[in-house]
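Hi,

Here is the structure I promised to pass on to you. Have a look at it first, and then read on for the notes I made.

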Amino acid sequence: MDSERPTIPAKPLLRALGGEAVWPPPAWLMRQAGRYLPEYRELRAQAGDFISLCTTPPLAAEVTLQPIRRYGMEAAILFSDILMIPWALGQPLRFAEGEGPLLEPLRTPESIAALDPSVVVARAAPVFETVARVREGLATEAPRTTLIGFAGGCFTVACYMLEGKGSKEFPVARSLAYQDPALFGRLIRTLQDATVEYLVAQVEAGAEALMIFDSWAGMLSPGQFRRWVIEPTAAITRALRKRCPGVPLIGFPRLAGPLLTDYAARAGVDATAIDTSMDPRWAAQAVPATMALQGNLDPLALVAGGAALEAEARSILGAMRGRPYIFNLGHGIVPQTPPEHVTQLMRILRSA
């Protein structure tokens with residue numbers, strides 16, 4: 001009797017990640033759940049602070065599902081933050097209004113040596129409960145939508161842990177990588193191990209695809225990029241292939257420029273996300289035709305809306321037609337984005 005059951009088509013985003021040129025392309029937006037949505041702001045007020053929102057599963061799951069209900073994207077990305085791993089490692093973390101994340105900076109070899117990746121899964125248990133709740137919600141509300149789990153890239157997370165806050169240059173982290181590469185490497189290896197455990201736990205809770213955000217990769221020289229971005233990512237992907245076979249992985253080495261080709265060839269990911277500054281036509285030629293690309297609409301074009309938005313979106317679509325591709329922004333959606341412009345974008349994409 002099983003052979004008589006109708007075949008359920010694979011989800012569009014998973015098909016694209018598997019190397020299929022799905023058209024119209026599946027779409028989602030980085031930071032699609034967030035401050036531009038009035039329903040998000042209501043829940044944010046209930047939570048009290050950002051970390052409480054990320055670690056209260058009913059609220060975090062609801063926030064994750066809000067843009068799916070409103071726009072019907074082909075992917076829902078877990079509502080969380082790349083700094084939940086430092087938080088789970090025991091590094092004090094808070095988010096200050098107008099300042100962003102603030103951590104107690106790691107400044108001694110002893111503080112780095114004290115980090116224990118084995119505690120991450122237990123301490124981050126609320127995150128995994130959120131994943132399970134979202135997967136359950138999608139099964140009934142949006143069965144064609146893929147749930148993406150994520151973590152920060154090791155270099156990017158190390159930048160925040162060492163600096164203690166956001167920065168334009170992250171001089172503490174970059175200087176340590178040159179002056180004491182053994183110590184910096186110890187921190188990177190700790191984050192590799194913690195990231196693997198964190199992502200595996202998300203898959204076990206229901207994540208269907210994964211993404212690694214290396215937001216500050218573009219600050220590095222080519223040699224440093226290969227050592228601190230590509231090599232750790234490759235180590236993580238090798239471990240994930242063994243423990244979560246068949247779960248696709250998207251990598252985002254933001255501002256990688258021409259080093260995107262090295263990243264695509266060596267990082268082991270199934271798809272490479274590209275930032276706003278990258279020419280999509282160049283990327284489509286530089287990255288193997290079997291590898292999915294994701295990106296790269298300027299978030300400010302989404303703010304502008306109208307003819308400007310349509311022209312930018314259609315230009316990117318033209319560059320990507322005929323290859324595995326996922327439409328997205330080149331960086332996260334910004335708070336001043338009118339929700340109706342997201343509606344316009346989704347209308348453009350579905351008529352492609």
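Let me start with helix H2, whose outward side, the face turned away from its buried one, carries Glu42 and Ala45, both exposed. Please keep in mind throughout that this is a predicted model.

The other side of H2, which spans residues 38-47, has Tyr40, Leu43 and Ala47 as its buried residues. They lie on the same side of the helix because they cover an arc of only 70° around its axis. That fits the usual geometry: with 3.6 residues a turn in an α-helix, residues three or four places apart point the same way. What do the buried residues of H2 pack against? Their partners are two helices, H3 (50-54) and H4 (57-71). After H2 comes Gly48, which has a positive phi, near 95°.

Another glycine with a positive phi turns up in a hairpin. Strands E2 (residues 93-96) and E3 (residues 100-103) are paired in the antiparallel sense, with four bridges between them. One pair to look at is Phe95 and its bridge partner in E3, Pro101. Three residues separate the two strands of this hairpin, and Gly98, in the turn, has a phi of about 85°.

Next, the cysteines. How many disulfides does the structure hold? The count is zero. For Cys154, the closest cysteine sulfur is in Cys159, and at 11 Å it is too far for a bond, given that a disulfide needs the two sulfur atoms within 2.5 Å. Cys244 is in no disulfide either, as its nearest cysteine sulfur, in Cys154, is 16 Å away. Both of these residues are shielded: Cys154 counts as buried at 4% relative accessibility, and Cys244 is buried too, with a relative accessible area of 7%.

Finally, a residue in strand E7 that you may like to click on. Thr272 sits in this strand, which runs over residues 271-273. Is Thr272 buried or exposed? Thr272 is buried, as its relative accessible area is 0%. Leaving aside residues up to four places away in sequence, Thr272 touches Gly251, Pro253, Leu260, Tyr263 and Ala264, and also Met291, Ala292, Leu293 and Gln294.

That is what I have for now. I hope you enjoy looking through the model, and do write back with any questions.

Best wishes

Notes
Residues are numbered from 1 along each chain as its sequence is written. This is a predicted model: local features need pLDDT of at least 70, side-chain atom pairs count only at pLDDT 80 or more; totals for chains, interfaces and linings use all residues. Side-chain values use heavy atoms; hydrogens and water are left out. Buried means under 20% relative accessible area, exposed over 50%, partly exposed in between (1.4 Å probe, protein chains only). Contact means heavy atoms within 4.5 Å. The arc is that of the directions from the helix axis to the C-beta atoms. Two strands pair if DSSP finds at least two bridges between them.
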